[in-house]
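Dear colleague,

I am handing over the structure we spoke about, and it is placed just below so that you can keep it open while you read. After it I have written down what was found.

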Amino acid sequence: MAPAVLDETGFDRFVSDNDTAVIGFVEGDGDAALFSVLADDVLGKRPGVAFAQVHGDSRGLFDMFGLGGTATAIFRGRVGMYLEAGLPDADQLVLLLDGIAVLNMERVQAKIEQERSARESLAVHRVCPA
C-alpha cells in the first residue's frame, strides 16, 4: 500500500494520530517511488509504524524543517526523533525504528520540558545593554 501523501493541513494530524510515524520528504517521482518501496519493505517487519510522504510541491513543510531535498524523518509520540537527508535502506530504517522504540518517552518528554524551561529562564533573565 502506498504511503499517504501529506500537505501542510494534514501533517500535524498524521504525526499526532500515530505513535511512530516515518515521513519521507521526496523531491520527485523517482524518490516517491523509492520511498513507497521502502515503506512496503519495512511495514512487513514493523507493522505498527505509519508511513507518509510530503512531496516537493509542499515547500512550506520542506522549509519548516530546513530541507533542500529528499529526507527522512521519524516521529514518536509527536517528538521528532530523526531527520536526515536522503532515504535509508530498509535494514537501516528497521534499526533506527528499533532504537527509537525502546526509548523511555517519559524521560524524553521530561528532558524536552527541562530544556524548554531552561531556555525560557535564560530569556527572562537576559539583560540587554542600553
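The notes below go from the whole chain to a pair of helices and then to two single residues.

Please keep in mind throughout that this is a predicted model. The protein contains five helices and five strands, and, read from the N terminus, these elements follow one another in the order β-α-β-α-β-α-β-β-α-α. The C-alpha trace spans about 55 × 35 × 25 Å along its principal axes, and 35% of the 130 residues count as buried. The accessible surface comes to about 7900 Å², with 54% of that area belonging to carbon and sulfur atoms. If one takes the contacts between residues at least 6 apart in sequence, 67% of them join residues at least 24 apart.

Turning to the helix pair, it may help to recall that two packed helices are described by the angle between their axes and the distance between the axes. Helix 2, which covers residues 29–43, packs with helix 4, residues 90–101, at an angle of about 55 degrees, and their axes are 9 Å apart. Since angles of 65 to 115 degrees would count as roughly perpendicular and those under 35 degrees as roughly parallel, the two helices are therefore oblique to each other. Helix 2 passes helix 4 in a right-handed crossing. On the side of helix 2 the residues that take part are Leu38, Asp41 and Val42, and in helix 4 they meet Ala90, Leu93, Val94 and Leu97. Sorted by class, this contact has six nonpolar residues, one charged residue and no polar ones.

Leu97 of helix 4 also appears among the contacts of Thr20, a residue that lies in strand 2, residues 20–26. Is Thr20 buried or exposed? Its relative accessibility is 12%, and because buried means under 20%, Thr20 counts as buried. When its neighbours within four places in sequence are left aside, Thr20 is in contact with Gly48, Val49 and Ala50, with Ile74, Phe75 and Arg76, and with Leu97.

The other residue to look at is Arg78, which sits in the loop between strand 4 (71–76) and strand 5 (79–85). Most residues other than glycine have a negative phi. Arg78, although it is not a glycine, has a positive phi of about 70 degrees. With a relative accessibility of 60%, where exposed means over 50%, Arg78 therefore counts as exposed.

With best regards

Methods: Residues numbered from 1 in each chain as written. Predicted model: local features only at pLDDT ≥ 70, side-chain atom pairs only at ≥ 80, totals over all residues. Heavy atoms only, no water. Axes fitted to C-alpha atoms, helices over the stretch in contact; angles between N-to-C directions. Helix = DSSP H or I, 4+ residues; strand = E, 2+ residues; numbered from the N terminus. Parallel < 35°, antiparallel > 145°, perpendicular 65-115°, else oblique. Left-handed = near helix turned anticlockwise from the far one by under 90°. Contact = heavy atoms within 4.5 Å. Nonpolar A, V, L, I, M, F, W, Y, C, P; charged D, E, K, R; others polar. Buried < 20%, exposed > 50% of the residue type's maximum accessible area, 1.4 Å probe, protein only. Areas by Shrake-Rupley, 256 points an atom, 1.4 Å probe, with all protein chains shown as cover.
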